[in-house]
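Got your viewer open? Here is a short tour of how the chains meet, one selection at a time.

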Protein chains: 4
Amino acid sequence: MKKNIEPCYYGDYLALDKILGAQKLQSTKYGEPAHEEMLFIVVHQVYELWFKQLLHELNAVIDTFNQAAVKDQQLTSVVHRLHRVIQIQKLMNDQIGIMETMTPQQFLSFRDYLVPASGFQSIQFKQLEISLGLKREYRIDFDKQSFYNRLSDDDRSLLEALEEKPSLFELVDKWLARMPLLKTEDFHFWDYYRNATDEMLNDDKETIEKNAFLSEVERRQELKDWQSTRENFDGLFNHDTYEALLNQGKFRLSHEALLSALFIKQYSEEPVFNLPFQLITALTEIDEQLTLWRYRHAMMVQRMLGTKIGTGGSSGHHYLKKTTESNRVFLDFFNMATFLLPKSSLPELPESVKRSLGFYLQ
Amino acid sequence: MKKNIEPCYYGDYLALDKILGAQKLQSTKYGEPAHEEMLFIVVHQVYELWFKQLLHELNAVIDTFNQAAVKDQQLTSVVHRLHRVIQIQKLMNDQIGIMETMTPQQFLSFRDYLVPASGFQSIQFKQLEISLGLKREYRIDFDKQSFYNRLSDDDRSLLEALEEKPSLFELVDKWLARMPLLKTEDFHFWDYYRNATDEMLNDDKETIEKNAFLSEVERRQELKDWQSTRENFDGLFNHDTYEALLNQGKFRLSHEALLSALFIKQYSEEPVFNLPFQLITALTEIDEQLTLWRYRHAMMVQRMLGTKIGTGGSSGHHYLKKTTESNRVFLDFFNMATFLLPKSSLPELPESVKRSLGFYLQ
Amino acid sequence: MKKNIEPCYYGDYLALDKILGAQKLQSTKYGEPAHEEMLFIVVHQVYELWFKQLLHELNAVIDTFNQAAVKDQQLTSVVHRLHRVIQIQKLMNDQIGIMETMTPQQFLSFRDYLVPASGFQSIQFKQLEISLGLKREYRIDFDKQSFYNRLSDDDRSLLEALEEKPSLFELVDKWLARMPLLKTEDFHFWDYYRNATDEMLNDDKETIEKNAFLSEVERRQELKDWQSTRENFDGLFNHDTYEALLNQGKFRLSHEALLSALFIKQYSEEPVFNLPFQLITALTEIDEQLTLWRYRHAMMVQRMLGTKIGTGGSSGHHYLKKTTESNRVFLDFFNMATFLLPKSSLPELPESVKRSLGFYLQ
Amino acid sequence: MKKNIEPCYYGDYLALDKILGAQKLQSTKYGEPAHEEMLFIVVHQVYELWFKQLLHELNAVIDTFNQAAVKDQQLTSVVHRLHRVIQIQKLMNDQIGIMETMTPQQFLSFRDYLVPASGFQSIQFKQLEISLGLKREYRIDFDKQSFYNRLSDDDRSLLEALEEKPSLFELVDKWLARMPLLKTEDFHFWDYYRNATDEMLNDDKETIEKNAFLSEVERRQELKDWQSTRENFDGLFNHDTYEALLNQGKFRLSHEALLSALFIKQYSEEPVFNLPFQLITALTEIDEQLTLWRYRHAMMVQRMLGTKIGTGGSSGHHYLKKTTESNRVFLDFFNMATFLLPKSSLPELPESVKRSLGFYLQ
């Protein structure tokens with residue numbers, strides 16, 4: 001079998017001539033070599049390599065979901081790949097500490113040579129955002145208008161084509177929405193659930209009312225928040241209410257998908273739900289890690305520049321902080337704890353249901 | 001010398017009977033043992049142990065600065081202790097991932113037994129905040145009023161007494177302000193500096209004006225931000241302007257302290273400034289790590305509860321997110337990059353100045 | 001429901017009077033307060049708290065396997081708990097960096113007061129080792145004899161009782177060995193496998209023989225190693241050979257368990273094997289993290305003491321380095337790559353087999 | 001000033017066409033695309049980028065020490081750069097976890113295409129080792145002979161030229177050895193020190209003799225180790241004894257350098273020793289992190305291949321484990337705790353000495 005394999009050498013295989021020959025310092029070009037510019041370049045190149053890897057994983061996952069049916073074995077590998085994505089994200093977050101070993105003053109020694117380069121020009125990062133589900137309609141204004149202006153024609157076409165394709169968010173939403181679970185139950189889960197949540201919400205209200213520590217102003221605020229939670233619950237049981245909340249931006253998942261996800265989270269210990277539960281949890285973590293990355297990145301930019309403008313000609317860290325929360329994609333999974341009931345308030349899945357879903361190793 | 005030392009045994013030394021006997025599960029008490037409550041208790045106890053250690057270090061540092069003069073050797077150990085604080089903070093940030101191995105549903109199985117306990121009741125955490133410099137006047141309203149209501153009389157007295165003592169922020173401010181550097185220079189640093197900054201600011205303005213990517217709305221915003229930066233610079237050179245900005249909350253350090261810190265950062269490679277520079281950098285990092293902790297903590301609470309109210313009877317994660325930015329203490333150090341000049345725009349320290357400050361190893 | 005729940009307060013709930021009152025510095029007792037002794041105590045107390053948590057998780061997992069049959073839902077929670085164990089281990093490994101912020105000289109300032117305390121006296125750590133499967137017969141001599149001498153009668157009885165109970169290793173071995181997979185296949189997997197491995201081994205031999213970089217001495221060594229791998233393979237197919245290798249310490253899992261584990265690893269993407277595969281992988285990681293902990297711990301002790309003797313009266317780091325490799329429990333899982341075939345050399349599981357094992361989400 | 005700067009764009013600046021076009025999968029070339037080969041390539045490329053950065057820092061540090069005299073300001077930047085090296089090493093260690101998200105079976109799906117590529121062919125890694133001080137004479141046999149055989153003529157020349165240049169170890173040794181401290185003391189430090197160590201060693205001996213937990217065999221071993229420590233101490237005071245121990249490989253630093261380093265560590269809190277102490281500590285950490293990397297790397301290879309041979313045609317993990325300890329460069333710094341005395345046993349530096357060394361900030 002190995003007969004026709006040509007020998008493969010380390011340096012050639014990794015294209016080290018390209019990789020290690022790609023650090024051209026601007027400061028050297030202009031005759032004022034700045035020691036730290038090497039770090040600046042290498043850190044960004046490493047980020048771009050990780051972005052490439054993340055896209056490799058996400059695209060494979062998207063291809064899997066972009067089929068009429070997802071086979072069980074494929075779900076195993078989807079979860080495996082998303083776990084890898086999370087691991088890489090954690091490393092990328094820690095990598096911000098490496099950049100912070102450059103002092104603001106060291107940065108100043110070559111900053112002027114970089115105008116108008118800017119991290120906003122990273123096409124791969126935008127591909128990541130769009131592939132996950134951060135399409136144009138969800139972006140804040142700055143992003144919506146200004147971002148596309150800065151691109152070359154080729155890059156703009158590339159990203160605009162990607163905007164047309166289904167994102168991971170959309171595909172997972174559809175996959176959840178078409179899950180048969182909700183229709184085939186022979187037991188009336190949602191009736192049961194409704195009663196249990198009523199009890200829980202009433203308990204919460206009582207806790208607020210009895211809380212001796214709250215001032216009257218605070219109590220009014222808490223009761224208002226409680227009322228809003230109560231309305232979100234109503235949305236679960238009423239399709240029209242849900243659609244209204246969706247239009248107000250209080251949800252992003254479709255009604256059916258949210259209910260499926262909730263059901264899976266409630267019965268996550270059932271082996272048949274193990275992989276779907278891991279999938280939902282992994283997407284939650286990816287969103288959390290990306291949020292953390294934005295936050296740390298914004299702090300790092302602030303530390304490096306203060307309120308000075310960035311090389312791209314705009315004050316980066318205000319913008320970056322704004323997008324930290326607004327650019328979240330899988331926030332509904334993150335907020336789902338709102339709707340969860342404790343195990344003890346849940347009906348056991350009847351044996352017939354279990355048997356139709358489950359498998360037995362022994 | 002060792003003659004009179006009594007034997008010391010591992011378990012006794014660490015008081016393991018106390019430490020390992022201090023996990024009383026509420027869920028067990030009420031006859032519904034919840035496996036994850038052990039994790040919940042242990043994670044919080046570990047945090048409290050680290051808080052104790054952080055206070056041990058900070059109090060030692062505060063004692064050092066709370067003297068008429070700080071000796072050089074003491075500065076070595078101050079920096080050493082602050083570096084330890086940072087290391088512990090990083091571990092504490094990572095520890096949030098341990099809590100997140102508990103699913104929201106697992107938390108629900110014992111949440112009801114914990115009312116009205118709340119992390120806001122951690123006295124040590126408040127001691128940390130106050131010791132660093134987050135005194136009552138800097139807290140947001142919720143903190144100001146409601147927090148003290150929740151305390152026992154003893155705890156309230158304890159914290160109120162601490163509010164009266166000088167915080168690390170105040171002591172470092174005074175120490176910087178009384179540094180002799182600024183007065184003894186025989187060269188006119190600040191004149192030089194003013195000219196160089198004028199040039200830098202004019203360059204920045206030009207960059208904004210020429211930036212073809214900006215819409216008119218954006219350009220106006222950028223120029224407004226630039227104007228505000230320009231005004232902050234004016235504050236550096238005019239004591240009254242500075243005081244006005246201080247009163248608006250744009251600065252927190254005294255004018256003299258800010259100038260000293262800026263001088264130290266500009267000439268940080270001079271050995272005589274090495275320890276002061278490390279001190280300033282360490283305080284910046286402590287603030288950054290604490291900010292990160294607040295942010296991750298707020299996300300974790302959101303993930304665990306959604307918009308449900310917390311056991312303390314208030315919706316935690318909104319409040320927590322609010323304090324993430326507002327509770328920063330050493331923000332002036334963090335923002336100091338605003339005022340830094342590149343090495344190449346700085347005058348060399350004259351040999352006479354160097355000699356008066358420096359020392360020579362060989 | 002909440003009616004009868006008594007109020008619960010943060011400090012009481014966490015028993016902070018005990019936890020925060022448990023730091024008694026020996027150096028203070030002897031009138032020579034050493035600042036760093038607080039760190040030394042707190043770091044060890046935190047380790048003991050984590051040990052308690054690890055034992056809580058491991059004991060729950062052991063109870064699960066210590067039944068006639070393990071239900072599917074239980075496997076979900078076993079894997080969940082082992083993942084938590086790994087997360088805590090990673091934090092514990094990073095925590096060594098905190099101890100290393102204490103310089104050797106700082107340690108010397110209170111070391112003499114600690115004689116003869118020693119980390120070897122941590123009962124919880126020994127419980128962890130024994131529960132995982134590091135029973136007396138597997139310990140190196142120092143551990144075997146000397147360790148038990150150092151214990152109080154109560155502690156010795158406690159550990160000796162634990163030695164009699166089945167360890168996690170033994171229980172997992174039995175669970176794997178009784179898996180029905182190997183007997184019910186209607187396709188002759190192991191015949192297929194044997195042929196494929198022959199081909200792979202022959203390829204490997206050829207690679208060694210053709211490797212122009214090897215000196216003759218090296219080539220002989222490589223071929224000897226290859227021969228030993230070849231013999232291990234023979235053990236897979238012959239029960240007596242396997243028993244002989246087991247007695248030589250080349251394997252520790254029973255023959256049946258090893259084959260089951262191998263089968264699971266080969267077809268890990270099958271949903272029915274997903275949880276067992278995660279279990280095997282998690283145990284491998286637990287072993288890896290514990291090994292890493294031993295190694296880092298040994299280096300830390302060396303850095304703190306050099307070749308000085310420890311407070312327990314023996315030179316710690318030699319002993320610690322020795323146990324790093326010898327105390328591994330799940331090494332067979334770790335080494336299992338030896339026997340794996342690439343996907344492309346494996347027969348597809350026939351549809352009938354799959355159907356008997358699998359479940360279909362849609 | 002900015003007038004003549006050409007615009008600089010993100011993608012061009014980072015040479016993303018090269019960086020992102022450098023992933024050529026062998027498995028794709030042979031028509032059997034293996035998803036994980038992308039990860040394998042990217043992880044190695046990221047390592048090579050970090051190696052480049054580490055070399056950039058180390059070479060700058062070597063250049064600094066490769067002068068007749070090292071200026072104080074330069075020492076600040078040496079320490080800064082070494083701290084960056086350590087931060088990058090920590091990230092590199094964590095990155096091993098990313099590679100471990102590839103299962104052994106996934107690796108098998110493209111391993112055969114990589115023969116005879118091997119990580120041993122990384123020229124940059126060898127440059128790192130040689131630059132630090134791991135020259136040919138210190139390598140174990142396999143490395144000595146076989147390694148150079150595998151190189152191309154160009155690479156061999158490159159490394160052989162590097163072997164001729166002074167390494168960081170050699171330069172730091174010389175810098176320490178020529179420090180004036182040891183000769184100019186007007187107080188008899190080493191006499192004092194000798195008396196204090198005698199007392200400490202006698203105490204240690206007594207501790208061993210009185211340790212009731214030791215068996216006779218163990219006690220004999222401990223006393224033998226103590227004797228060897230005693231002899232190392234003798235080396236400190238006698239140049240000929242030291243040379244003999246050096247020749248036996250018990251030390252690697254020159255006698256003068258070891259004494260200087262010891263003096264610095266004893267009085268590390270003196271501001272004048274702050275930077276040299278940080279330098280020594282940083283080199284210790286670099287060695288520790290590299291050791292940890294070797295160890296984790298060896299475990300990862302074992303987990304991926306078991307006892308199978310590597311693609312380079314030799315069984316990697318045995319070799320890798322062997323080099324973990326043997327390839328340490330700054331081991332003398334690591335072991336220096338052996339010779340340290342507690343602060344309380346040290347004479348205070350006389351005011352005259354302090355004044356000649358120190359500087360006063362206020």
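Start by selecting chain A and chain D: together they bury about 6,300 Å², with 67% of that on carbon and sulfur atoms. Keep in mind as you click around that this is a predicted model. On each side of this interface, 68 residues of chain A are in contact with 68 residues of chain D.

Now show Tyr10(A), Tyr13(A) and His35(A) as sticks. These three lose the most area to chain D within chain A, and together they make up 13% of what that side buries.

How many salt bridges are there between chain A and chain D? The count is two. For a salt bridge to look at, zoom in on Glu36(A) and Arg84(D), where the closest N and O atoms are 3.0 Å apart.

Before leaving this pair, try superposing chain A on chain D. A rotation of 180 degrees does it, with 0.0 Å of shift along the axis and an RMSD of 0.0 Å. The two copies are therefore related as by a two-fold rotation axis. Both copies also use the same surface, since 100% of the contact residues of chain A recur in chain D.

Next, swap chain A for chain C and keep chain D on screen. Here 63 residues of chain C are in contact with 63 residues of chain D. The buried area between chain C and chain D is about 5,500 Å², and carbon and sulfur atoms give 53% of it. Which three residues of chain C supply more of the area it buries against chain D than any other three? Pick out Gln105(C), Phe213(C) and Arg303(C), which supply 14%.

Charged pairs are worth a look here too: between chain C and chain D the count is six salt bridges. To see a salt bridge up close, select Glu288(C) and Arg303(D), whose side chains meet at 2.5 Å, N to O.

Last stop: hide chain C, bring in chain B, and select residues 271-305 in both chain B and chain D. That is helix α16 in each chain, and the two axes come within 10 Å and cross at roughly 75 degrees. So α16(B) is roughly perpendicular to α16(D).

Where do they touch? From α16(B), pick Pro271(B), Asn274(B), Leu275(B) and Gln278(B); they meet Pro271(D), Asn274(D), Leu275(D) and Gln278(D) in α16(D). Color by class and you'll find four nonpolar, four polar and no charged residues in the contact of α16(B) with α16(D).

Methods:
Residues are numbered from 1 along each chain as its sequence is written. Chains are lettered from A and ligands numbered from 1 in the order in which they are written. This is a predicted model: local features need pLDDT of at least 70, side-chain atom pairs count only at pLDDT 80 or more; totals for chains, interfaces and linings use all residues. Side-chain values use heavy atoms; hydrogens and water are left out. Copies are superposed by least squares on the C-alpha atoms of residues with pLDDT of at least 70 in both. Contact means heavy atoms within 4.5 Å. Axes are lines fitted to C-alpha atoms, for helices over the stretch in contact, and angles run from 0 to 180 degrees between N-to-C directions. Helices (H or I, at least four residues) and strands (E, at least two) are DSSP runs, numbered from the N terminus. Angles under 35 degrees count as roughly parallel, over 145 as roughly antiparallel, 65 to 115 as roughly perpendicular and the rest as oblique. Ala, Val, Leu, Ile, Met, Phe, Trp, Tyr, Cys and Pro count as nonpolar, Asp, Glu, Lys and Arg as charged, and the others, Gly among them, as polar. Buried area is the accessible area (1.4 Å probe) that two parts lose on being put together, summed over both. A salt bridge is a side-chain nitrogen of Lys or Arg within 4 Å of a carboxyl oxygen of Asp or Glu.
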